[in-house]
Amino acid sequence: MHIAVVIHDRCQFKKCNYECRTYCPPVRMGIDTVVITEKGYPKIIEELCEGCGICVHKCPFEAVKIIGLPEELNENLIHQYGENGFRIYRLPRVQKDKVVGILGPNGIGKSTAIKILSGNLIPNLGNYIETPSWDRVVDFFSGTEMADYFAKLRDGEFSTVVKPQYVDKIPIVFKGKVRELLKSADKQGQLDEIAAMLEIVNTLNRDVDKISGGELQSVAIAAALLKDGDVYFFDEPSSYLDIYQRLSVAKVIKSLASKKIVFVVEHDLAIMDFIADAIHIMYGSEGAYGIVANVRNTRNAINAYLEGYLKDENIRFRDWKIEFIMHPPKRKSELPVLISWSAISKKYTGFQLDVYPGEIRTGEVVGVVGSNATGKTTFVKILAGVIKADSGEVNSEIKVSYKPQYIKTDYDGTVEELLNMTLKEKMLNNFYRAEVLHPLRLKYIYNKEVKNLSGGEMQRLAIAISLGLDADLYLLDEPSAYLDSNERMVAAKVIRRYMENLGRSAMIVDHDVYFIDIIADSIMVFSGEPGKHGIAEGPFSMREGMNMFLKNVNITFRRDGETNRPRINKPDSYNDREQKSKGEYYYA
Ligand code: ADP
Ligand code: ADP
Ligand code: MG
Ligand code: MG
């Protein structure tokens with residue numbers, strides 16, 4: 001069996017000559033395998049398509065996918081978004097007393113799975129012509145536990161609660177104070193308790209459209225927790241949160257699973273590892289189809305993910321392994337100093353940042369960690385020369401390339417045009433093409449309008465541009481935001497190799513511990529009182545810095561015996577207590 005997918009947000013029929021149709025061998029023989037719809041998109045009639053794949057290669061916008069799939073899979077088709085649309089095969093299993101994780105790349109159908117399991121989308125089982133019905137779904141699953149689940153959903157015996165993926169959209173649909181928003185969700189009078197647990201008490205009296213992304217995420221999670229449901233779904237709960245907040249959220253979600261059914265989609269692997277009791281990996285072809293793999297225990301699932309290979313399914317999705325080193329890297333203290341700063345301070349109304357003196361060496365990658373609102377972005381902006389410190393100075397005359405945390409652009413044109421305009425002859429540089437553009441998969445979005453990019457696509461573009469500019473120091477503020485776990489690991493390696501090969505320096509702010517672990521030679525730690533007073537120290541060696549940072553947030557990591565990857569210890573477990581008493585929070 002082969003499926004034909006036309007990815008509409010890549011298809012630009014106004015700019016092409018319908019190569020998918022013109023070059024199609026059956027069409028040339030007079031068979032209408034590819035027809036043009038009223039809207040202008042091509043439609044590939046699967047029954048007539050021979051699967052030669054010529055259209056795939058001829059399409060200038062990489063908008064067509066023809067994919068051969070095992071025949072049996074057809075019986076597992078759960079939903080298809082229209083003709084030539086995305087398909088999802090199989091569903092995650094509903095399990096009581098467990099947090100079930102769903103792990104997979106962007107565009108593979110995780111949110112679709114959640115929409116179906118939460119009852120917000122009646123799956124059409126591949127029949128996208130007729131109106132779908134729950135009766136048919138229950139029938140389809142008859143004899144399995146899923147039939148029971150969907151019957152309960154249909155009959156209103158189960159209520160479901162979803163923490164949606166895109167929290168940025170909340171201010172568009174809700175106007176008013178945070179407290180009012182939460183009050184309407186508070187069915188059990190737990191508002192104060194949950195607000196305290198998620199540390200949003202000070203946010204309650206603020207307007208929903210005036211709070212930060214991190215606050216919005218916490219509010220959305222609080223709203224979900226306050227509702228009284230039987231099944232809970234948390235779609236990407238860690239976005240915008242710092243590690244300390246990620247962990248508090250993880251703890252709350254975990255505790256929910258003792259009485260409820262809980263599903264979580266998450267890209268921060270350290271958090272996913274901590275939060276989930278079992279994981280369904282999803283694989284397939286992004287934008288075309290997604291298959292939900294059998295459930296695995298959390299440790300095996302994440303190890304398989306890092307390995308890049310799913311043994312049971314015989315699927316390789318990355319051609320290299322992600323590895324972690326057990327021992328902290330040596331600080332590159334023999335290298336010359338590239339940039340140094342004296343004690344620096346910067347004041348905003350209600351906030352003060354104090355930075356201890358520090359330096360970055362040539363060829364060094366400095367990770368930056370710390371809670372939200374402790375001044376990380378402010379400091380990076382000072383180094384980038386975007387803002388001035390009130391006192392103290394930065395000592396150097398170097399060229400800096402800066403990727404801001406919040407990427408804004410009003411550029412009117414395609415990704416390729418923007419790259420050519422900004423990077424010019426660098427675009428012809430083989431090393432840059434092979435080491436940056438290729439692994440970040442920029443080719444697939446070349447023809448997209450910059451203003452239509454998804455969050456992850458925009459981030460990949462912004463990373464590529466900042467690395468493409470010639471500089472001595474690269475400052476990247478939260479590059480893992482919006483990236484899926486695989487893209488994060490790829491981006492970390494791309495940035496690291498780039499600095500290593502060119503002997504350049506970088507400073508990378510991020511909350512994803514695996515990302516920081518892969519990328520950094522040394523580490524700067526921000527602490528203090530969020531929103532009031534930030535204190536910045538370092539760079540330190542990885543051991544010293546991680547100990548200091550994790551002590552602040554009260555988290556210890558042990559190592560996985562097989563892969564050496566760091567795993568968050570259960571609070572107050574034997575390892576946790578033992579490591580805290582020795583002061584070894586990370587490299588135990
Ligand atoms: P994930 O959450 O894994 O990133 P989604 O479930 O959001 O993936 O989307 C999977 C695919 O389905 C994407 O390619 C998306 O474009 C497509 N898709 C999602 N919703 C719709 C829809 N309402 N109509 C058509 N296609 C959709
Ligand atoms: P981080 O990057 O660690 O989250 P930021 O440097 O963005 O922290 O912000 C630190 C604090 O300074 C926050 O409380 C923020 O609201 C405040 N702040 C940042 N920029 C400004 C500004 N231009 N004017 C006033 N306050 C600001
Ligand atoms: Mg999603
Ligand atoms: Mg910031």
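**Selected residues and ligand surroundings**

Val231 is located in strand 9, which spans residues 231-235; helices (H or I, at least four residues) and strands (E, at least two) are DSSP runs, numbered from the N terminus. The structure is a predicted model, in which local features need pLDDT of at least 70 and side-chain atom pairs count only at pLDDT 80 or more, whereas totals for chains, interfaces and linings use all residues. Residues are numbered from 1 along each chain as its sequence is written, chains are lettered from A and ligands numbered from 1 in the order in which they are written, and side-chain values use heavy atoms, with hydrogens and water left out.

Val231 counts as buried because its relative accessible area is 0%; buried means under 20%, exposed over 50% and partly exposed in between, for a 1.4 Å probe and protein chains only. Val231 and Val162 are separated by 69 residues in sequence, and their C-alpha atoms are 8.6 Å apart in space. Gly456 belongs to helix 17, formed by residues 455-468. With a relative accessibility of 6%, Gly456 is therefore also classed as buried. Between Gly456 and Phe540, which stand 84 residues apart along the chain, the C-alpha separation is 31 Å.

The surroundings of ligand 1 were examined next. Its shell consists of Tyr81, Phe86, Pro105, Asn106, Gly107, Ile108, Gly109, Lys110, Ser111, Thr112 and Gly287, where a residue belongs to the shell if one of its heavy atoms lies within 4 Å of the molecule. Four of these residues are nonpolar, six are polar and one is charged. In this division, Ala, Val, Leu, Ile, Met, Phe, Trp, Tyr, Cys and Pro count as nonpolar, Asp, Glu, Lys and Arg as charged, and the others, Gly among them, as polar. Oxygen atoms of ligand 1 lie 2.7 Å from a backbone N or O atom of Gly107 and 2.8 Å from a polar backbone atom of Ser111. From the side chain of Thr112, a polar atom comes to 2.5 Å from an oxygen atom of ligand 1. Taken alone, ligand 1 exposes 570 Å², of which the protein buries 63%; accessible areas come from the Shrake-Rupley method with a 1.4 Å probe, and for residues only the protein chains shown count as cover.

Ligand 2 is enclosed by Tyr348, Phe351, Ser371, Asn372, Ala373, Thr374, Gly375, Lys376, Thr377, Thr378 and Gly531. This shell comprises three nonpolar residues, seven polar ones and one charged one. Helix 14, residues 376-384, makes the greatest contribution to the shell around ligand 2, giving three residues. On the backbone, a polar atom of Ala373 lies 2.7 Å from an oxygen atom of ligand 2, and for a polar backbone atom of Gly375 the corresponding distance is 3.1 Å. The side chain of Lys376 places a polar atom 2.8 Å from an oxygen atom of ligand 2. The area exposed by ligand 2 when taken alone is 560 Å², and the protein buries 62% of it.

Asn372, one of the residues around ligand 2, also makes a contact with His511: their side chains are joined by a polar contact of 3.2 Å. A polar contact is a pair of N or O atoms within 3.5 Å; within protein, one must be able to donate a hydrogen and the other to accept it, and residues adjacent in sequence count only if both atoms are side-chain atoms. The side chain of His511 makes a further polar contact, of 3.1 Å, with the side chain of Glu478. His511 is situated in the loop between strand 23 (505-509) and helix 19 (513-519). Because its relative accessible area is 6%, His511 counts as buried.

Finally, the backbone geometry was considered. Most residues other than glycine have a negative phi, and most peptide bonds are trans. The peptide bond from Gly538 to Pro539 is cis, with omega near 5 degrees, and Pro539 lies in strand 25, residues 533-541. Arg441, which is not glycine, has a positive phi near 55 degrees. Arg441 is placed in the loop between helix 16 (430-437) and helix 17, and is partly exposed because its relative accessibility is 27%. Asn564, likewise a residue other than glycine, has a positive phi near 70 degrees. The loop that holds Asn564 runs between strand 26 (557-559) and strand 27 (566-568). A relative accessible area of 25% is why Asn564 is classed as partly exposed.
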